[in-house]
Every structure is written in C-alpha cells, then in structure tokens.
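Trainee: I'd like to learn how to read a model like this one, feature by feature. Can you walk me through it?

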Amino acid sequence: MSRIPLHLLDAPRPVAQKADKREIDKVAKRLRHQVGRAIADFGMIEEGDKVMVCLSGGKDSYTLLDILLQLQKKAPVRFSITAVNLDQKQPGFPEHVLPEYLRSIGVDFHIIEQDTYSVVSRVIPEGKTMCSLCSRLRRGSLYSYAEQHGFTKIALGHHRDDMVNTFFLNMFFHAKLSGMPPKLLSDDGKHVVIRPLAYVRESDIELHAEAKGFPIIPCNLCGSQENLQRVQVKKMLQEWERTTPGRVETMARALGDIRPSQLADPTLFDFAGLGRAQSGDLPDAHAWLASEGSPE
C-alpha cells in the first residue's frame, strides 16, 4: 500500500462546476433539515447526551460534525459533542491536519493512537481486501474509548447512499435483506450508534464539503481498493442513477417501508397459519420429504 500523497492536502480540489452562493446556502439548509428530521424520527439524541462524533478526515464525517455543531446551538435538548479520531498509524498519515482544524473551530476533541495498520498489513495477504479486519479493530478502539469516557451516543457519518449500498451488498453477496440502520444498539448492549446523515444525499455532502473547504485527508487504505464488493455495488447504483435519476432516493424510501407479509421470512410473518381451516400442528418438512429419498 502506497503512502498518502501529502501534496494533495494543499492542492485545490477541482470541481466540474462551482455552485453559486444561493445553491450552497440551499444545500446547507437542506442538510440541517434532513439531519434534524433524522434525529427526531429515530430518537437519536436526548437531553444530557454525550455525543462522540467519529471523525475520519473524509467529507462525510466533517459534514456530520459541522451540521451537528450548527444544530446544537438551537436544539430543543442540551447535549455535548466531542470529535474523536482514530490514528491508525498508516504511513504518511498527516497527523497535524485534524488537530489544527478542530482547534480552529473550538470543538472538544481527542485523537486515539493505535497501530491497527500494522496488524491489518501483517494479517491480510497482499491484494486481499482489508475491510472486515480493519473495521473490527477500528470499532473496538472507538467503542472502548466511548465506554471509558461515558459517551452515551456514537455518531457515524454514513449517509443515505451508504445505506442503500449496504442493503444491496448484503443481498447480493451475503443472501440477506439487511442494511445499515439509522440507529442501533451494539451487540454487547453497551453502545448506541447513530447515523444522523441517514436522509442525506452524498452529492449534497460533496457540495457542502467543497464550499466549507474542509481539509480532506485522502484515503488509500481501504477506500482505494477497487476490488471491494462495496465498490462494485456503488458503481452499479451510480449507473442506475445516471440512467434513471431519482432511483436511489426511491430505494432509500423503500428501506423505511418494510412489509413482512410480502417477503418470505416465516420468522417475521406467520405464513403457516395464514388461511388455515383446521387447528393443530402442521406436518414438518421431514414428513413431507420422507417419501422423496435423498436428492441426487
């Protein structure tokens, strides 16, 4: 894996077409509205919460922090915000960028230093995807820090497009209808994870990040691996959106309109009991297949 090209940090980030101030303001207002609505719809933040915002140095987490800080000023409840970054000791990582930015905006922050990069590089063979192990190590470090310092909510920067992408990723590659919920409880029951950008389009985040001039840190650890299944699904969705604008938004709305009786999971809907004329136990699969013998 190559080092991060540090010259990219100071180089202007080209955009195909600069948005005017009216469009920039419109997008910023839409972001505040969508994040506020997501927080209300899913009960993400309540009175007295200590919110840990996980900051990676990418456009999504910068935008998340920025919008939450704006909403905090007029929120109907009081809550604190601390930005937390996990420095995974990736060679060439510009350690000064995030602390300088966070000090400049006056937000409480902490940098966790843990060399997960060496672990991933040692365990995962060259050319293989690192996401699974890297994600587990990163999640463990962040969860441990949250528990040690009494944070009640962990805020992540996943947006609407990420949620749709994850749904198709799980369906195509893992044979399950599941996704990335706006709010979840960790497996050990100790942490509540929230995704306030659940209603936000990635294109709006891109425009907002460009307008605000966030010091984006290029990623070449996992995001640049072109063989990732997630990358394949993202390209598919981008092509769908190109040929049929609005399709991703339609799919995102579908994630909030689940109808178990129209699917095929007997643990979510009582198909066996539907329309039964008699009471009593039904024969199980073994009884129905007993006369078939072994499949060839």
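**Reading the sheet and its surroundings**

Mentor: Let's start with one strand pair: β5 and β6 run antiparallel to each other, joined by 3 bridges. Within that part of the fold, Lys183 sits opposite Ile194 of β6. Keep in mind throughout that this is a predicted model.

Trainee: In what order do the 6 strands of the open sheet come?

Mentor: Read across the sheet and you get β3-β2-β1-β4-β6-β5, with mixed pairing. β3 (108-113) and β5 (183-185) are the edge strands; each has a single partner, so one side of each has no neighbour in the sheet. From one strand to the next, the twist averages 25°.

Trainee: And what else is in the chain, besides the strands?

Mentor: The chain has 11 helices alongside its 6 strands. Take α4 as a case: this helix lies across β2 and β3, at about 170° to β3.

Trainee: Which residues of α4 are buried?

Mentor: Here's the general idea for a helix. With 3.6 residues a turn, residues three or four places apart point the same way. In α4, the buried residues are Val97, Leu98, Pro99, Tyr101 and Leu102. After the helix comes Gly106, with a positive phi near 70°.

Trainee: How do I read a single position, say Asp87? Is Asp87 buried or exposed?

Mentor: The cut-off for buried is under 20% relative accessible area. Asp87 has 3%, so Asp87 counts as buried. This residue belongs to strand β2 (residues 79-87). Setting aside neighbours within four places in sequence, Asp87 contacts Phe93, Glu95, Ile111, Ile112, Glu113 and Gln114.

Trainee: What about Leu207, then?

Mentor: Leu207 has 22% relative accessibility, so this one is classed as partly exposed. You'll find Leu207 in helix α8 (residues 202-212). Now look at sequence against space: Leu207 and Ala28 are 179 residues apart along the chain, yet their C-alpha atoms are 9.2 Å apart.

Trainee: What share of the chain's contacts join residues at least 24 apart?

Mentor: Counting contacts between residues at least 6 apart in sequence, 77% join residues at least 24 apart.

Trainee: Let's go inside. Which members of the largest nonpolar core touch the most other members?

Mentor: That core has 34 residues, and the ones touching the most other members are Ile45, Val53, Leu65, Leu68 and Ile81. At least two core residues come from each of α2 (21-42), β1 (49-54), α3 (59-72), β2, α4 (97-105), β6 (192-194) and α8. The largest share, 6 residues, is supplied by α3. For a close-up, take Ile45: beyond four places in sequence, its contacts are Ile39, Val51, Leu68, Val77, Phe79, Lys153 and Ile194. There is also a second, separate core of 13 residues, among them Ile112, Phe151, Leu156 and Val193.

Trainee: And how much of the whole chain is buried?

Mentor: Of the 296 residues, 36% are buried. As for the outside, the accessible surface is about 17900 Å², and carbon and sulfur atoms account for 53% of that area.

Trainee: Last one: where does pLDDT stay under 50?

Mentor: General idea first. Where pLDDT is low, the predicted coordinates should not be read in detail. Here, pLDDT stays under 50 over residues 1-16, a stretch with 31 contacts beyond four places in sequence in the model. For the chain, the mean pLDDT is 85, and 82% of the residues reach 70 or more.

Methods: Residues are numbered from 1 along each chain as its sequence is written. This is a predicted model: local features need pLDDT of at least 70, side-chain atom pairs count only at pLDDT 80 or more; totals for chains, interfaces and linings use all residues. Side-chain values use heavy atoms; hydrogens and water are left out. Helices (H or I, at least four residues) and strands (E, at least two) are DSSP runs, numbered from the N terminus. Buried means under 20% relative accessible area, exposed over 50%, partly exposed in between (1.4 Å probe, protein chains only). Contact means heavy atoms within 4.5 Å. Accessible areas come from the Shrake-Rupley method with a 1.4 Å probe; for residues, only the protein chains shown count as cover. A nonpolar core is a set of buried Ala, Val, Leu, Ile, Met, Phe, Trp, Tyr and Cys residues joined through side-chain atoms within 4.5 Å. Two strands pair if DSSP finds at least two bridges between them. Axes are lines fitted to C-alpha atoms, for helices over the stretch in contact, and angles run from 0 to 180 degrees between N-to-C directions. pLDDT is the predictor's confidence in each residue, from 0 to 100.
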